[in-house]
Amino acid sequence: MGQYAGTPIAFEAKHCAADKIDLKRVEPHQCDFLRDWTAQGNGIGFVLISFQLSDFYLIPWCYWQAAITAREAKQGGSVCFNPMWTDWNTTGKASVRKDELPEEWRVKLGGAAAIDYLATVDRLWRIGR
């Protein structure tokens with residue numbers, strides 16, 4: 001948790017050894033925190049995922065929360081949130097596969113940091129460096 005370019009940011013970082021991650025990996029108290037954080041209106045929240053320590057994705061909290069809701073309802077659907085405007089099909093399953101994630105959520109390696117997640121934050125929320 002901290003501030004980037006004047007914007008409050010909070011995230012959970014998770015690693016999985018497979019090509020999919022269970023939605024329950026973000027614990028209920030962590031979900032509550034990210035939900036409250038982003039509900040304030042000015043905070044950015046997301047889940048940063050490492051798949052096999054080689055592929056990294058940043059899933060905006062609103063999309064992760066939509067996947068949890070779809071799982072609880074046992075039905076998927078398309079979701080799209082402002083300001084990212086990324087269409088994503090939630091499956092209603094208990095996990096998310098790497099190949100189901102949009103390419104624009106991929107975090108590139110290198111740049112200013114080994115895992116340059118702030119470049120992905122810039123791209124998705126358009127807050128600039």
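A residue is counted as buried when its relative accessible area is under 20%, as exposed when that area is over 50%, and as partly exposed in between. In this predicted model, Cys 62 has a relative accessible area of 23% and is therefore partly exposed. Cys 16, in contrast, counts as buried because its relative accessibility is 7%.

The cysteines were also examined for disulfides, which require a pair of cysteine sulfur atoms within 2.5 Å. The count by this rule is 0. Cys 16 takes part in no disulfide, and the nearest cysteine sulfur, which belongs to Cys 31, lies 16 Å away.

Strand β2 spans residues 7-16. Of its 10 residues, 7 are buried, so strand β2 is largely enclosed by the rest of the structure. In a regular strand, the side chains alternate between the two faces of the sheet.

Strand β2 pairs with β1 and with β4, in opposite senses. Strand β1, residues 2-4, runs antiparallel to β2 and is joined to it by 3 bridges. Within this pairing, Tyr 4 is placed opposite Thr 7 of β2. The two strands form a hairpin, with 2 residues separating β1 from β2. Ala 5, located in the turn, has a positive phi of about 50 degrees.

The pairing of β2 with strand β4, residues 44-51, is parallel and extends over 8 bridges. Here Glu 12 stands opposite Val 47 of β4.

Technical notes:
Residues are numbered from 1 along each chain as its sequence is written. This is a predicted model: local features need pLDDT of at least 70, side-chain atom pairs count only at pLDDT 80 or more; totals for chains, interfaces and linings use all residues. Side-chain values use heavy atoms; hydrogens and water are left out. Buried means under 20% relative accessible area, exposed over 50%, partly exposed in between (1.4 Å probe, protein chains only). Helices (H or I, at least four residues) and strands (E, at least two) are DSSP runs, numbered from the N terminus. Two strands pair if DSSP finds at least two bridges between them.
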